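Q: Could you give me a close look at how the last few helices of this chain are packed against one another? I would like to know how they are angled and which residues touch.

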Amino acid sequence: MNDRGESDKSVVPEKQPNKRDAMAPRAEAVEGRDLTEGKSPQQNACRTQSRESAHSALEAIRKAAKADKKMRFTALLHHIYNIEALTEAFYKLKRKAAAGVDGETWHHYEERLAENLQDLSERVRSGAYRAKPVKRVYILKSDGRQRPLGVPALEDKIVQKAASEILNAIYEADFIGFSYGFRPGRSQHNALDALYVGFMKRRVNWVLDADIRDFFGSLNREWLIKFIEHRIGDKRVVRLIQKWLNAGVLEDGKRIHSDSGTVQGGNISPILANIYLHYVFDLWTQQWRSRYASSDVIVVRFCDDFIVGFHYKRDAERYLEELKARLAKFKLELHPEKTRLIEFGRFVNDARKRRGLGKPETFNFLGFRHMCGVRKDGIFTVLRQTVKKRMHAKLKEVKAELKRRMHMPIKDVGRWLRSVVAGHFNYYGVPTNGKQLNNFRHQIIRYWHQTLKRRSQRTRITWARMYQLADRWLPAASIKHPYPLERFGVKT
């Protein structure tokens, strides 16, 4: 349908039942889709007729994109300024998220939600909507450096969320199986599973551990718009995206404009990053693998972090050189300190012993250190442990917060620590990481003990009492995830 309610058969096909298809192109065994976990927003049960209608529209777009990979969608804006779509986008935002430059909070906006969204819808429809500059904030990275993030204004978040739903519906039909970052029904653990299975099932001896330098700051906007226009023929939607890209950043009261990059932190940034890397990296890598690889090549990408495994070193070296040239064409480059070609895989231990070399090198990916190991029965396995810098950064953060909460009731601190420890175990609780989980819990107990002793000079908290508190409030270290070969086989 176009904005006047007239039918547009080239864009949206006849209304279809609200069912989910397997949307991704067929992928090899180590790159399967997760269809059993992490439902997309479109799968939720509709509570109103309007939501059912909005979901059906998304499903129609999704099916049209899947049926014709060359279709350009020429009438999409009405799906974004639709009141039901904006309402759903609003309720998907974090209630306690920081306010942007306008100071508007989620709860204050909700007080007059119907009026606010009606006004927002009209501004988007008429073209009067203007994107506000993004407020710059910094978060501490595990290496001690600060990562810049952007906090958009609340209305920008709402419209971006509605737009990202449309873009996801279209581009999920195009994205390749080895791309895992910020996609519906996919997570870091899906990427980790795929990587593990690739090492266990494919002939991999060399690993390219690569990272794109300042990807979100270096992304070329002209190329991004060209990539978007491959699928999006609605110029109003393209202009909307350009408004967000050109809104600028507000830092220390000064508005800063840039000709490149997209602000990391906005609701629209993940899908834009995936679109850019789909054309720059994914399609090219898939083509390179089929044309030039002499043997097995495995690929796993999570946003701008990716791992590529090779059987032969000559393939790895050729790929690395051609990848540098490919990225340079699109104004990107590999980080020289974070990009390495190392020997890693099932057959590497024996090969290095014959050459009189030591243990294979390790690499970090998605918070885990990956190492070549051997099970008790002598079979090769990939050992995964929490990256020490990540764990130390988290413990430092917890220690500072414990100091701030020093005089709060023990039960309140205990509840908070329980959520922190449980969250850590839920992510890092993978097989072979039990020792690090226990170490994390022990350090939490030690910091809590130190904090309790400082509450008063008369306080005497024995270790026996401390362990009683820990057993009451902190979950025991436990493995939360099955072996990848078990879970990955079920999901694919």
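A: Helix α14 and helix α15 are roughly antiparallel to each other, because angles over 145 degrees get that name (under 35 is roughly parallel, 65 to 115 roughly perpendicular, and the rest oblique). Their axes cross at roughly 170° and come within 12 Å. α14 covers residues 388-404, and α15 covers residues 410-428. Helices here are DSSP runs (H or I, at least four residues), numbered from the N terminus. An axis is a line fitted to the C-alpha atoms over the stretch in contact, and angles run from 0 to 180 degrees between N-to-C directions.

Before going on, please keep in mind that this is a predicted model, in which local features need pLDDT of at least 70 and side-chain atom pairs count only at pLDDT 80 or more, while totals for chains, interfaces and linings use all residues. Residues are numbered from 1 along each chain as its sequence is written, and side-chain values use heavy atoms, with hydrogens and water left out.

Now see which residues meet, where contact means heavy atoms within 4.5 Å. From α14 come Arg 390, Lys 394, Val 398, Glu 401 and Leu 402, and from α15 come Val 413, Trp 416, Leu 417, Val 420 and Tyr 428. This contact has seven nonpolar, no polar and three charged residues. In this count, Ala, Val, Leu, Ile, Met, Phe, Trp, Tyr, Cys and Pro are nonpolar, Asp, Glu, Lys and Arg are charged, and the others, Gly among them, are polar.

Next, follow α15 to another partner. The axes of α15 and α17 (residues 463-473) come within 9 Å and cross at roughly 55°, which makes α15 oblique to α17. The crossing of α15 past α17 is right-handed, meaning that the near helix is turned clockwise from the far one by less than a right angle (anticlockwise would be left-handed). On the α15 side, Ile 410, Lys 411, Gly 414, Arg 415 and Arg 418 make the contact, and on the α17 side, Leu 469, Arg 472 and Trp 473 do. Sorted by class, these are four charged, three nonpolar and one polar.

α17 also meets α16 (residues 434-453), with axes that come within 10 Å and cross at roughly 120°. α16 and α17 are therefore oblique to each other, and α16 passes α17 in a right-handed crossing. α16 brings Arg 441, His 442, Ile 445, Arg 446, Trp 448, His 449 and Leu 452 to the contact, while α17 brings Trp 463, Met 466, Tyr 467, Leu 469, Ala 470, Asp 471 and Trp 473. Nine of the residues in this contact are nonpolar, two are polar and three are charged. Look for Leu 469 and Trp 473 of α17 in your view: they take part in the contact with α15 as well as in the contact with α16.

Definitions and conventions. Helices (H or I, at least four residues) and strands (E, at least two) are DSSP runs, numbered from the N terminus.
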